[in-house]
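Me: I would like to go through this structure and ask what stands behind each description.

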Amino acid sequence: MIFFIDHHDSFSNNLISWFQAKNIALKVFTVDEISENIDLNNAKAVIFSPGPGHPQDYPQSLDLLKRLPNNVPFLGVCLGHQILLHSQGAKIEQIHTTPIHGRQINCSPITSSRYFKPADLHGTFVLYNSLGCKYTDPIFMQSMIALAVEDSFVLATEHIVYPRIGLQFHPESFASPGGSKVLHSFLRLIEC
């Protein structure tokens with residue numbers, strides 16, 4: 001069973017639908033339903049959805065991520081990506097002075113990944129958030145690997161040791177034609 005944490009974002013439904021269409025069993029919790037009673041040892045994986053605001057606005061999600069067993073795969077999308085990086089000590093800051101709503105970007109990997117095939121992160125994807133983490137953040141010399149970058153901000157990341165993946169872009173959006181490849185890579189990670 002995959003535990004899905006919904007940060008009250010309309011794109012959560014798109015992500016949930018994508019996994020359900022693949023007959024993947026999800027247990028959905030809203031961020032307000034997170035408690036210490038969630039038994040993470042029963043999770044096959046954990047997904048953090050997109051959402052509004054800054055990672056520091058979600059202390060319950062940060063706590064849940066800290067409690068996640070090291071061997072349980074994690075996928076963070078947009079806000080979820082930022083929560084992953086913030087939990088490791090990264091600075092999440094403004095990418096643009098105006099909101100980003102559906103800006104398509106061309107993504108190319110800058111380094112190899114343990115989880116993604118080279119072609120998975122190569123293509124057109126869409127951004128919906130004006131916050132991000134700079135490639136120069138010290139976290140990328142410590143515990144995280146920057147897999148793809150645009151305008152000095154990290155688009156995709158993975159933990160140097162644990163099966164933790166973050167995506168700044170929205171792979172579930174119709175405006176991300178290569179998004180299914182990325183999500184299938186996460187499913188391969190779960191099956192390992």
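Me: What percentage of the 192 residues of the protein count as buried?
Reply: The model is a predicted one. In it, 56% of the 192 residues count as buried, a label that requires under 20% relative accessible area.

Me: What makes the protein as compact as a globular protein of that length?
Reply: The globule rule gives 16 Å for 192 residues, and the radius of gyration is 15 Å, close to that value, so the protein is as compact as a globular protein of that length. The fold comprises four helices and eleven strands. Along the principal axes, the C-alpha atoms fill a box of roughly 40 × 30 × 30 Å.

Me: Which residues have the most contacts inside the largest nonpolar core?
Reply: They are Phe19, Leu75, Leu121, Ile165, Leu167, Phe169 and Phe186, in a core of 32 residues. Helix 4 (residues 179-191) gives the most to this core, namely six residues. A second, separate core has 30 residues, including Phe29, Leu64, Leu65 and Met144.

Me: Why is Leu167 said to be in contact with Leu75 and Val182?
Reply: Contact means heavy atoms within 4.5 Å. Leu167 is in contact with both Leu75 and Val182, and its other partners beyond four places in sequence include Phe116, Leu121 and Leu155.

Me: What share of the contacts with a separation of 6 or more joins residues 24 or more positions apart?
Reply: Such pairs account for 73% of those contacts.

Me: How much of the exposed area do carbon and sulfur atoms supply?
Reply: They supply 50% of about 8,600 Å².

Notes: Residues numbered from 1 in each chain as written. Predicted model: local features only at pLDDT ≥ 70, side-chain atom pairs only at ≥ 80, totals over all residues. Heavy atoms only, no water. Helix = DSSP H or I, 4+ residues; strand = E, 2+ residues; numbered from the N terminus. Rg over C-alpha atoms; globule rule 2.2 N^0.38 Å. Buried < 20%, exposed > 50% of the residue type's maximum accessible area, 1.4 Å probe, protein only. Areas by Shrake-Rupley, 256 points an atom, 1.4 Å probe, with all protein chains shown as cover. Core = buried A, V, L, I, M, F, W, Y, C linked by side-chain atoms within 4.5 Å.
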